[in-house]
Amino acid sequence: MVFAVEEINHSPTLLPGVKLGYHILDSCGRPPWALQTALSLVGGDNASCNSTDSPDSDGEGIIERKGAHNAPVIIGGASSVTGQILSRTLGPLSVPLISYLSSCPCLSNRRRFPNFFRTMPSDIYQARAFAQLSIRFNWTWIGAVVANNDYGHVAIKVFQEETQGAGVCLAFVETLQRENIVSDARRAALTIQASTANVILIFTWYTDVRELFLQLAKINVTDRQYLASEAWSTSGDLLQNVVSTKVAKGVFGVAIRSSAIPGLENYIRRLHPIHRPDDEFLREFWEAEFGCSSVASPLFSHSYSSFKSRTPFNISTSYPANGFPQKASLPLCSGTESLEGVQNHFTDTSKLRVTYNVYLAVYAAAHALHSLLSCPDREGSPGNNSSTCSSPKDIKPIELLQHFNKLNFTTPQGEMFYFQGGDIPAKYDLVNWQNTPEGSLKLVLIGRVDGFDLHLNESAIQWSTGSNQVPTSVCSESCPPGLRKANRKGEPLCCFDCIQCAEGEISNQTDSLHCERCPYEFWSNAERTACIPRQLDFLSFNETLGITLTTAAVSGAAVTTAVFVVFLCYRQTPMVRANNSELSFLLLLSLKLCFLCSLVFIGRPSVWSCRFQQAAFGISFVLCVSCLQVKTIVVLAAFRSARPGAGALIKWFGPGQQRGSVCFLTCVQIIICATWLSLSPPVPQRDLGFQGSKVTLECAMASVVGFSLVLGYIGLLACTSLLLAFLARKLPDNFNEAKLITFSMLIFCAVWIAFVPAYISSPGKYTVAVEIFAILASSYGLLLCIFAPKCFIILLRPGKNTKKHLMAR
């Protein structure tokens, strides 16, 4: 502050002809003391003011016009609490207050704090920066340790608001109270140890962090990644601490932006107690650095004693905190001592942070005064001539406050400076604690924050793992495409299980909350990541089921042909002749057609195959069942005609009538089929009702009535044949064919009764397979039950193939 004031006083363009004076008084971090001093200065208390300068300390700075009795500007309020108290108190007096370190977002409220300005950004911006970093590095499970005051609570609230909807959750929030720091730090350390969160956000003062790191070291927690707020991210005390080297490697922090102040280092190195006899801090620093007492001077002793008597509290009590030993007696300095070769953190001006904020605050005050004192177009206050400007001897704080609100200038470093309300545009440095070859930690600049924009050199970051690999911090691993997130009951949204999407549903993004159902003609792939067109599915000759059914059908046709040949070769034998050979050959022909018609059901359905397969099936089976029915009637007629008075009965069932009966019964089915196929035939259609990866191409029954009539007619004939055969089963004969027909029709009816529910409940192409199976099973039943015993006698028992044996009772 002193350097800035002197630099301004030597400037030919800023406040020409006006010299600034200052007071620097120490509040020792206590808001009541700061308030007491501020009120005495703005009230014009000469007993506590010096019109030009006073010794340096580490608290509030007041710039005043030379020779005046009150200060028009106060630079201070190092803490947010102090800033709020001073602003509320000085608000009615309209005295501008410029803070260089208050960061509470509440101070941005212009209604409550109209006279408050600051060169320190609001904490909102660093909280938002941490939120952006969490989202950028996919840290969804973060622990937080915050100060138990507005600094910590507001920051964590803003962090949660910024990450809301981005999938970031807080695993825990621990608070630290300075009065109970040891117990609070121990509790927070145990929480960090027990948590699965690898990234820990810490918003508190560096002394609290020091105790927290000590407790973490005791329980050997050394693998966490810490995010540091500006309150401790650049703390030299923590960087040089051995415990930090063990616990806090790779700390990633937001820091107050740094800047160099040209000329400050030379100014500091030219300081000498002889030139500043009233500067107690400089005298103690000199004694500690060079081990000698500054040159004795009555003026020095008188000035220091006079300064101590003027301050409202004992300044000297704060100086031992600077770390300089107090020595009873030291040899006098020779006067040749100089700070030119001294290297320590007091002379290092390469990265000034809070110092630069103070520097900006002084220049802001100077430019506001310059604008007030040299404004030709200033609107005068009531009672004053608008064409006149304020005099250095008559500065009204309310007029100066108006110029602060419209301040806009370029700093000596070439930056544009202006206030947005009472705030400046937010600018931070992003820093990283990195290991050095010596095993210590160093501070490395890796990026910056400019408002809401984040500029980061990720390749330069050294994480807690000691590498450039970004650490992970999640409660649950991400769900890859094909799976969806299922929240765990009673746990935060970041904790979830990954469940595979159901068939026909997909998720093509990571961490999908829901699975999307595929369009109607599409199905999910095996990974459930994409919808693919369903494969066309039908009963093919190439698949196992198709091959099996084809083999069974061809085998049945072959066996039927073999039986036909056997009967043809032995057509003159009693066995063939006694059982109506003509109907037997017709029956064998119809059975062969039944076997072969099943082949029409196999293969890709087409318009003609759909029409032909049902017609072939219906007509073939009616022809077969008609032959059986006529054979049964002939058997009954033959036995009934042997009775007295019934000889004419057989005349009605001669060969012509038998053939006519078969043709008539078959023609009825032909008429039914023709009517059905002409009015509403089956058509090939894709069946999407069955939810699967395949689309079944099948022959859809456009008319269920037509198909029911076909089956119903076959069933009617079968039942009639079964009834007639059952009545003729006990007719006197050694080889009664009615018995064979009875067994065959029982099998036939059982198969087709079971067919109906199986057909209705079978999905896709298996509907066709069920119908083919029913055709083959009933055909094999007829073939084996009727013709197997006859072939056995013809081929293996020729001695029984005689008229005598057949007529025996």
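A residue counts as buried when its relative accessible area is under 20%, as exposed when it is over 50%, and as partly exposed in between. The exercises below apply this to a predicted model.

**Exercise 1.** Decide which class, buried, exposed or partly exposed, fits each cysteine of the disulfide that joins C479 to C498, and find where the two cysteines lie.

*Solution.* Begin with C479, whose relative accessible area is 0%, so that C479 is buried. Turn next to C498, which at 31% relative accessibility counts as partly exposed. For the places, C479 lies in the loop between strand 15 (453–456) and strand 16 (483–487), while C498 lies in strand 17 (residues 496–500), so the disulfide ties together parts that are 19 residues apart in sequence. Lastly, the link of C479 and C498 has -90 degrees about the S-S bond and is left-handed.

**Exercise 2.** Work out why C663 has no bond to C667.

*Solution.* A disulfide requires two cysteine sulfur atoms within 2.5 Å. The cysteine sulfur closest to that of C663 belongs to C667 and is 6.1 Å away, which is too far for a bond. As for its surroundings, C663 counts as partly exposed, at 45% relative accessibility.

**Exercise 3.** Find which helix gives the most residues to the largest nonpolar core, and which contacts W752 makes beyond its sequence neighbours.

*Solution.* This core has 67 residues, and F567, F748, W752 and F787 touch the most other members. Helix 22 gives the most to the core, with 14 residues. Leaving aside neighbours within four places in sequence, W752 is in contact with F617, F621, L711, A774, I775 and S778.

Note on methods. Residues are numbered from 1 along each chain as its sequence is written. This is a predicted model: local features need pLDDT of at least 70, side-chain atom pairs count only at pLDDT 80 or more; totals for chains, interfaces and linings use all residues. Side-chain values use heavy atoms; hydrogens and water are left out. A nonpolar core is a set of buried Ala, Val, Leu, Ile, Met, Phe, Trp, Tyr and Cys residues joined through side-chain atoms within 4.5 Å. Buried means under 20% relative accessible area, exposed over 50%, partly exposed in between (1.4 Å probe, protein chains only). Helices (H or I, at least four residues) and strands (E, at least two) are DSSP runs, numbered from the N terminus. Contact means heavy atoms within 4.5 Å.
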